[in-house]
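A colleague asks a modeller to justify the words used for a protein model. Each reply sets a value against a rule.

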Amino acid sequence: MMTAEGERGSDESTGVRFELERETELRFEVESGERVQMELLSGLAEVFGSELNRNKKYSFGPGSKIAVFTWQGCTVSLTGKTEVAYVSRDTPMLLYLNTHAALEQMRQQAERDNERGPRVMVVGPTDVGKSTLCRLLLSWAVRVGRRPTLVELDVGQSGVSVPGTVSALCIERPADIEEGFSVQAPLVYHFGSTTPGTNIKLYNKLTSCLAEVFSQRCEVNRRASVGGCVINTCGWVKGAGYQALVHCASAFEVDVVLVLDQERLYNELKRDLPHFVKVVLLPKSGGVVERSKECRREARDEKIREYFYGFRGVSFFPHAFDVRFSDVRIYKIGAPSIPDSCLPLGMSQDDTQLKLVPVTPGRDLAHHVLSVSCGGEEGGAEAGGGKAAGGGILDSPVCGFIVVTAVDTQNQVMTVLSPAPRPLPRHVLLIMDIRFIDLK
C-alpha cells in the first residue's frame with residue numbers, strides 16, 4: 001500500500017494496492033514492453049474525465065501514461081510492471097473542473113437566449129497536457145448531456161485520425177478508458193506533414209475550412225451549436241505558429257482561450273485577441289512529462305497501425321492489392337520555393353504553397369502514406385470532373401488512407417495496403433511526408 005506522494009512502485013508491481021484519499025491522483029507509466037492491468041476495488045474514480053467501473057480490469061500497453069483521479073477516495077490495484085507509480089495530492093483537477101463548470105454555465109445561457117455555446121481553444125507549448133485537458137472538458141460535457149465537437153489541429157499527434165491531418169469529431173459519449181474517443185465518421189482534411197511550418201498557408205486554409213463546416217453544422221443542429229467546440233492546437237507558439245493560433249481564434253470566433261503553463265503566451269493573446277475573448281491561464285499537471293522525438297515517432301506509427309489493424313481487442317483485416325499507375329492521379333500540395341524573379345507576374349511565394357504538384361510514381365514512393373481525396377481533379381474530367389463534380393482538392397475532406405508497400409516501375413503498378421477491398425473509392429491521391437513500414 002502506498003499513499004505518500006512520489007513513492008515508486010516495486011519492480012514487480014504485482015497486485016499493488018493504492019489507497020487514494022479524496023481529491024488525489026494515482027499516476028503511473030507502463031514500462032517498455034509490458035502491459036499493466038488496473039482495477040478499481042472500491043470508491044469512485046475517473047481517468048481523464050471518464051468514470052471507472054468497479055471490479056473491471058483495464059489494460060494499458062507500453063509507454064501509457066495514466067492518471068486516476070478520485071473526488072471522494074478509492075482503492076486501486078495495479079498488476080504488471082510500471083516505470084513509475086505514485087499518488088499525488090498536487091493536482092490541478094479542481095481548477096479544470098471549475099473551468100468545465102464555467103463553460104457549462106455558458107451553455108445554459110446559450111440555451112436560454114437561443115445563442116451558440118462556447119467555442120474553446122486550448123493552447124500552450126509541447127508536452128503541457130493540452131490533449132488531456134481537451135479530453136477532460138469534452139468527457140465532462142458529454143456526462144451532463146451535451147454534444148460538443150472536438151477540433152483537432154495537432155498534425156503531429158492527432159487524437160482523431162492519422163498524423164498529418166486536421167479533423168473534427170462530434171463527441172457523443174465519454175472517452176473509452178483504454179482507447180479514447182470513439183472515432184466514427186470524423187471530418188478529416190489532408191495536410192501532409194507532422195509540422196505546420198512545412199506549409200503554414202495550407203495549415204491556415206484548412207483551419208478556415210474546418211471553422212466554416214463547423215459553423216454550417218451549428219446552423220442546422222441546435223445541440224451541436226449549444227455544445228460548442230474544444231480546439232486542440234499544436235505546440236508551436238512562436239512566430240508563424242503564434243500567428244496561426246490568432247488565425248484559428250478568428251476563424252472559429254472563439255469565446256475562451258485556455259493557456260497552459262506559459263505566462264508569456266497568455267499575455268500575448270490577451271494583447272492581440274479581442275477584449276470579449278476570455279483568456280485564462282491554467283497550470284499543467286505535475287504528471288505531464290516531456291516526450292522525446294523517438295517517443296513521438298513511435299506514437300505516430302502506432303496511430304497509423306491502429307488505423308489499419310485496429311485497437312487492442314478489436315482487430316481489422318486490411319487488404320493488399322495492386323493499383324495501376326494509369327488508374328490514379330497522385331499529387332503533393334506545395335511547390336518547392338523558387339527565386340521571386342522566376343515567379344509569374346503577380347504571383348508570390350505564398351501562392352506556391354497551395355499549388356498541386358503532380359507526382360510520378362517511382363521506387364521512392366514505397367512506404368509513403370497517401371490520402372484518398374474526396375475532391376475531383378481540378379480541371380480534369382477523367383478524375384472526377386473538377387469542382388463541379390467533387391469540389392477542389394485542397395478544401396475537400398479525405399475518405400481514407402492507404403500505404404504504398406511496393407512499387408513495380410517495370411509493370412507500372414504499385415501494391416497498397418488498404419482498410420477496404422479494391423477498387424479505391426476515388427482516384428485522386430495526396431502524398432504525405434510520412435512513411436510507415438508495415439511489419440505485420
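The exchange below deals with a predicted model.

Colleague: What makes up the protein in terms of helices and strands?

Modeller: The protein has nine helices and 23 strands. Of its 440 residues, 50% are buried.

Colleague: Why is Cys 134 called buried?

Modeller: Cys 134 has a relative accessibility of 2%. Buried means under 20%, so Cys 134 falls within that class.

Colleague: Why is Cys 295 called partly exposed?

Modeller: The relative accessible area of Cys 295 is 26%. Buried would require under 20% and exposed over 50%. The value for Cys 295 lies in between, and therefore the residue is partly exposed.

Colleague: How many disulfides does the structure have?

Modeller: A search of the whole structure gives zero. To be counted, a pair of cysteine sulfur atoms must lie within 2.5 Å. The search found no such pair. A disulfide is a covalent bond between the sulfur atoms of two cysteines.

Colleague: What makes the space lined by Leu 153 and Tyr 203 a cavity?

Modeller: In a cavity a 1.4 Å probe fits but cannot get out. The search of the whole structure finds one cavity of 30 Å³ or more. The largest cavity holds about 40 Å³ of space. Besides Leu 153 and Tyr 203, its lining has Thr 233, Cys 234, Ala 244, Leu 245 and Cys 248. Helix H5, residues 240–252, gives the largest share of that lining, with three residues.

Colleague: How do you know which class of residue prevails in the lining of the largest cavity?

Modeller: By class, the lining has six nonpolar residues, one polar residue and no charged ones. Tyr and Cys count as nonpolar, so Tyr 203, Cys 234 and Cys 248 belong to the nonpolar group. Thr counts as polar, so Thr 233 is the polar residue.

Colleague: And the second largest pocket: what volume does it have, and what lines it?

Modeller: Its volume is about 410 Å³. A pocket is an open set of points, whereas in a cavity the probe cannot get out. The second largest pocket is lined by 19 residues, and nearest its centre are Val 160, Ser 161, Val 183, Pro 186 and Tyr 307. Helix H7 (293–309) and strand E21 (398–408) each provide at least two lining residues. The largest share, four residues, is that of E21.

Colleague: How do the lining residues of that pocket divide by class?

Modeller: There are 13 nonpolar, three polar and three charged residues in the lining of the second largest pocket.

Definitions and conventions:
Residues are numbered from 1 along each chain as its sequence is written. This is a predicted model: local features need pLDDT of at least 70, side-chain atom pairs count only at pLDDT 80 or more; totals for chains, interfaces and linings use all residues. Side-chain values use heavy atoms; hydrogens and water are left out. Buried means under 20% relative accessible area, exposed over 50%, partly exposed in between (1.4 Å probe, protein chains only). On a 1 Å grid over the protein atoms alone, a cavity is a set of points where a 1.4 Å probe fits but cannot get out, and a pocket is an open set with protein on both sides within 12 Å along at least five of seven lines; lining residues have an atom within 4 Å of a point. Grid points are joined across faces, edges and corners, and a volume is the space filled by probe spheres set on the points.
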